[in-house]
Amino acid sequence: MKKLIFIFVLLIFSFSYAYQFYGIPYLQQVNDFSLINQDGKKIKFSDFKGKYLLVFFGYTYCPDVCPTSMLRISDVLDELGDYKKYVKVLFISVDPERDTPKALKKFISFYDKTGKYIVGLTGKPEDIKKVAKQFRAFYQKVPVKNKEVGYLVDHSAYIYLVDPKGIIRMIYRPDNDDPKRIAEDIKQIIKMFGTGE
Amino acid sequence: MKKFIIFLLTGFIFLAYGNEIIIKDPWIRAVPPSSKNTALFMTIVNKSDKQDTLISVKTDIAKIVMIHKTVEENGIMKMKHVDSLSIPPHSEVKLKPGGLHIMIMGLKRPIKEGEEVKINLFFKNSGNIEILAPVLRR
């Protein structure tokens, strides 16, 4: 396994000479998990094997960060052109108490009118916690004085690029969100490692 | 009498310049119809010789409006409440995504892309400035 990782790292570095990646190269296998999708159905992470994934942790009440990132992700999908069919987006809620499947469905349909590319995931708070831990994603409730708003959630806002085998390949920081360049990275990775199909 | 008129005129000119706050490119982010929160962004230009301060913001479309700042700490995006926003003389302050913004919370109705929303900005020196901010998907 160590040898394999070494070869992968070497491959990424050698290709980097030809193409300068915009994201931060990363290498980590994600263990399988199951959550609830926007239709209220239980869905496993392994159900997405064979697709490249853009994973983002956020919540539908989010006023600034998530709408920005989701608009960028929506633009990435547009920029992908013919490569779009190899990609899915997972929006994982860090506010499962308020983010019901119904709320997620309304939220994601704003960023993907076709309903084909973006998947919203929610679940039990303890299940979300385990998934976030795998991605080293952090989130924490922050109370707001006004009772009607209740609370906001501080959270890490990385976009993770996962390959068809469930390995995180790239990470994009919140200020590294140029849709054209993220799309170009995805195209390059697909050219290197195949479509996954 | 002449002196008095000149004094009065210079006073008016001074007053006019003293209140010179200009709001450039205001916009509200389009959010899903189910979303309860959004944000207002703009550039506040202070052309006067005096510092001015944005004290509060009001709009009919939401229950709560607050000045906020998104701060990144070790990759974690945190929201910080800002009591007021100082605009130094002859300078501008940009409110943009991922930074300073006016947080609009508890939307009373869904906002539509393209519509213009009336916003009242209250400044310490310049008083109430009413603007129309378009709802944009960007």
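Let me begin with a definition: a residue is called buried when its relative accessible area is under 20%, exposed when that value is over 50%, and partly exposed in between. With that in hand, take K78(B), which has a relative accessible area of 21% and therefore counts as partly exposed. Please keep in mind throughout that what you see above is a predicted model, and that the values I quote are computed from it.

K78(B) also has a partner, since its side chain meets that of E73(B) in a salt bridge, with 3.2 Å from N to O. E73(B), at 31% relative accessibility, is partly exposed as well.

Let me step back and introduce the two chains before we return to single residues. Chain A has 197 residues, of which 56% are buried, and its secondary structure consists of five helices and ten strands. If we take the contacts in chain A between residues at least 6 apart in sequence, 71% of them join residues at least 24 apart. Chain B has 138 residues, and 46% of those count as buried. Its secondary structure is one helix and ten strands, and if you follow the sequence from its start, the helix is written before the strands in the pattern α-β-β-β-β-β-β-β-β-β-β. For the contacts in chain B with a separation of 6 or more, residues 24 or more positions apart account for 67%.

Now to the place where the chains meet. How many residues of chain B are in contact with chain A? There are 31 of them, and they touch 28 residues of chain A. The size of an interface is often given as the accessible area lost when the parts come together. Here the area buried between chain B and chain A is about 2400 Å², and carbon and sulfur atoms give 62% of it. On the side of chain B, the residues that lose the most area to chain A are N37(B), M77(B) and R137(B), which together make up 23% of what that side buries.

We can also look at the polar side of this interface, where nine residue pairs are found in polar contact across chain B and chain A. As for the secondary structure involved, the elements of chain B that give two or more residues to the side touching chain A are β2 (37–46), β4 (62–73), β5 (76–81) and β8 (100–107). The largest share, five residues, comes from β4(B). Sorted by class, that side of chain B has 13 nonpolar, eleven polar and seven charged residues.

One of those strands, β5(B), deserves a second look, as it pairs in the antiparallel sense with strand β8 of chain A, residues 151–156, over two bridges. Within β5(B), M77(B) is the bridge partner of H155(A), and you may recall M77(B) from the residues of chain B that lose the most area to chain A.

Let me turn to the salt bridges, of which the structure holds 13 over all chains. Between chain B and chain A the count is two. One that crosses from chain to chain brings together the side chains of D64(A) and R29(B), at 3.4 Å from N to O.

R29(B) leads us to the end of chain B as well. Where is R138(B) found? It lies in the segment after β10 of chain B, which covers residues 127–136. Although R138(B) and R29(B) are 109 residues apart along the chain, their C-alpha atoms are separated by 6.7 Å. Leaving aside residues up to four places away in sequence, R138(B) touches W27(B) and R29(B) in its own chain, and L71(A) and R72(A) in chain A. R138(B) is partly exposed, with a relative accessible area of 43%.

Two further salt bridges lie within chain B. In one, K24(B) joins E92(B), with the closest N and O atoms 3.6 Å apart. This pair links distant parts of the chain, as K24(B) is in strand β1 (residues 21–29) and E92(B) is in strand β7 (residues 91–95), 68 residues apart. K24(B) is partly exposed at 37% relative accessible area, and E92(B) counts as partly exposed at 38%. In the other, E115(B) forms a salt bridge with R109(B), where the closest N and O atoms are 3.0 Å apart. R109(B), with a relative accessible area of 36%, is partly exposed. Finally, salt bridges that share partners join R173(A), D175(A) and E72(B) into one network.

Methods:
Residues are numbered from 1 along each chain as its sequence is written. Chains are lettered from A and ligands numbered from 1 in the order in which they are written. This is a predicted model: local features need pLDDT of at least 70, side-chain atom pairs count only at pLDDT 80 or more; totals for chains, interfaces and linings use all residues. Side-chain values use heavy atoms; hydrogens and water are left out. Contact means heavy atoms within 4.5 Å. Buried area is the accessible area (1.4 Å probe) that two parts lose on being put together, summed over both. A salt bridge is a side-chain nitrogen of Lys or Arg within 4 Å of a carboxyl oxygen of Asp or Glu. A polar contact is a pair of N or O atoms within 3.5 Å; within protein, one must be able to donate a hydrogen and the other to accept it, and residues adjacent in sequence count only if both atoms are side-chain atoms. Helices (H or I, at least four residues) and strands (E, at least two) are DSSP runs, numbered from the N terminus. Ala, Val, Leu, Ile, Met, Phe, Trp, Tyr, Cys and Pro count as nonpolar, Asp, Glu, Lys and Arg as charged, and the others, Gly among them, as polar. Two strands pair if DSSP finds at least two bridges between them. Buried means under 20% relative accessible area, exposed over 50%, partly exposed in between (1.4 Å probe, protein chains only).
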